[in-house]
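Reader: Got a minute to walk me through this one? Put it up and let's start with a loop.

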Amino acid sequence: MRGAHSPKAIEIQVSGEALLVFANGDSAAAEPSRGIGVNRYWVALKCGSPPGRGVLVTAGMLGPEPFRLLRLWALWGRLPGVAPRQLAA
């Protein structure tokens with residue numbers, strides 16, 4: 001995990017797209033693997049560059065709340081938030 005092409009962060013944009021950021025500063029689009037790729041123990045992500053590359057994020061790699069948010073994004077393609085046209089508190 002010390003190499004220049006090692007994944008270092010996952011950034012989920014407001015638009016619902018995710019970027020996988022590598023140690024050398026490069027980034028690539030990431031998308032969840034459907035089916036068995038998302039469960040309460042892990043989230044499998046597909047990375048567009050290079051083709052066929054993937055990342056497995058396990059529950060122990062993140063705190064409980066960030067891992068929950070990653071799972072929700074992988075299942076629904078967006079993060080939880082305020083519903084459209086809902087008044088702010």
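Reader: Where is Ser-33?

Author: In this predicted model, Ser-33 sits in the loop between strand 3 and strand 4. Helices (H or I, at least four residues) and strands (E, at least two) are DSSP runs, numbered from the N terminus.

Reader: Is Ser-33 buried or exposed?

Author: Ser-33 counts as buried because its relative accessible area is 18%. Buried means under 20% relative accessible area, exposed over 50%, and partly exposed in between, with a 1.4 Å probe and protein chains only.

Reader: What does Ser-33 touch?

Author: Val-38, Ala-44, Leu-45 and Lys-46, leaving aside residues up to four places away in sequence. Contact means heavy atoms within 4.5 Å.

Reader: Ground rules, quickly?

Author: Residues are numbered from 1 along each chain as its sequence is written, and side-chain values use heavy atoms, with hydrogens and water left out. As this is a predicted model, local features need pLDDT of at least 70 and side-chain atom pairs count only at pLDDT 80 or more, while totals for chains, interfaces and linings use all residues.

Reader: Back to that loop. How many bridges join strand 3 to strand 4?

Author: Three, between residues 27-32 and residues 42-47, running antiparallel. Two strands pair if DSSP finds at least two bridges between them.

Reader: Which residues are the partners of Ala-30 and Glu-31?

Author: Ala-30 has Cys-47 of strand 4 as its bridge partner. Glu-31 has Lys-46, also in strand 4.

Reader: And what joins strand 2 to strand 3?

Author: Four bridges, with the strands antiparallel. Leu-19 stands opposite Ala-29, and Val-21 stands opposite Ser-27. The two strands form a hairpin with four residues between them. In the turn, Gly-25 has a positive phi of about 95 degrees.

Reader: What about strand 1 and strand 2?

Author: Five bridges, again antiparallel. Ala-9 faces Val-21 of strand 2. That hairpin has five residues between the strands, and Gly-16 takes a positive phi near 100 degrees there.

Reader: Ser-15 is in which loop? Buried or exposed?

Author: Ser-15 lies between strand 1 and strand 2. Ser-15 is exposed, because its relative accessible area is 59%.

Reader: How far apart are Ser-15 and Arg-78?

Author: In space, 7.9 Å, C-alpha to C-alpha. In sequence, Ser-15 and Arg-78 are 63 residues apart.

Reader: Zoom out. What is the strand order in the sheet?

Author: The order is 1-2-3-4-5 in an open sheet of five strands with antiparallel pairing. Strand 1 and strand 5 are the edges, each pairing on one side only. From one strand to the next, the twist averages 35 degrees.

Reader: What holds paired strands together, in general?

Author: Strands of a sheet pair through backbone hydrogen bonds, either parallel or antiparallel.

Reader: What else is in the chain besides strands?

Author: One helix, alongside the five strands. From the N terminus on, the run is β-β-β-β-β-α. Helix 1 lies across strand 1, strand 2, strand 3, strand 4 and strand 5, at about 55 degrees to strand 4. Axes are lines fitted to C-alpha atoms, for helices over the stretch in contact, and angles run from 0 to 180 degrees between N-to-C directions.

Reader: How covered is strand 2?

Author: Mostly: four of its five residues are buried. Over the chain, buried residues make up 26% of the 89 residues.

Reader: New topic. How much space is in the largest pocket?

Author: About 370 Å³. A pocket is an open set of points on a 1 Å grid over the protein atoms alone, where a 1.4 Å probe fits, with protein on both sides within 12 Å along at least five of seven lines. Lining residues have an atom within 4 Å of a point. Grid points are joined across faces, edges and corners, and the volume is the space filled by probe spheres set on the points.

Reader: Which residues are closest to its centre?

Author: Of the 16 residues lining the largest pocket, those are Ala-9, Ile-10, Val-57, Leu-62 and Leu-70.

Reader: Which element gives the most to that lining?

Author: Strand 1, with five residues. The elements giving two or more are strand 1 (7-12), strand 5 (53-58) and helix 1 (64-76).
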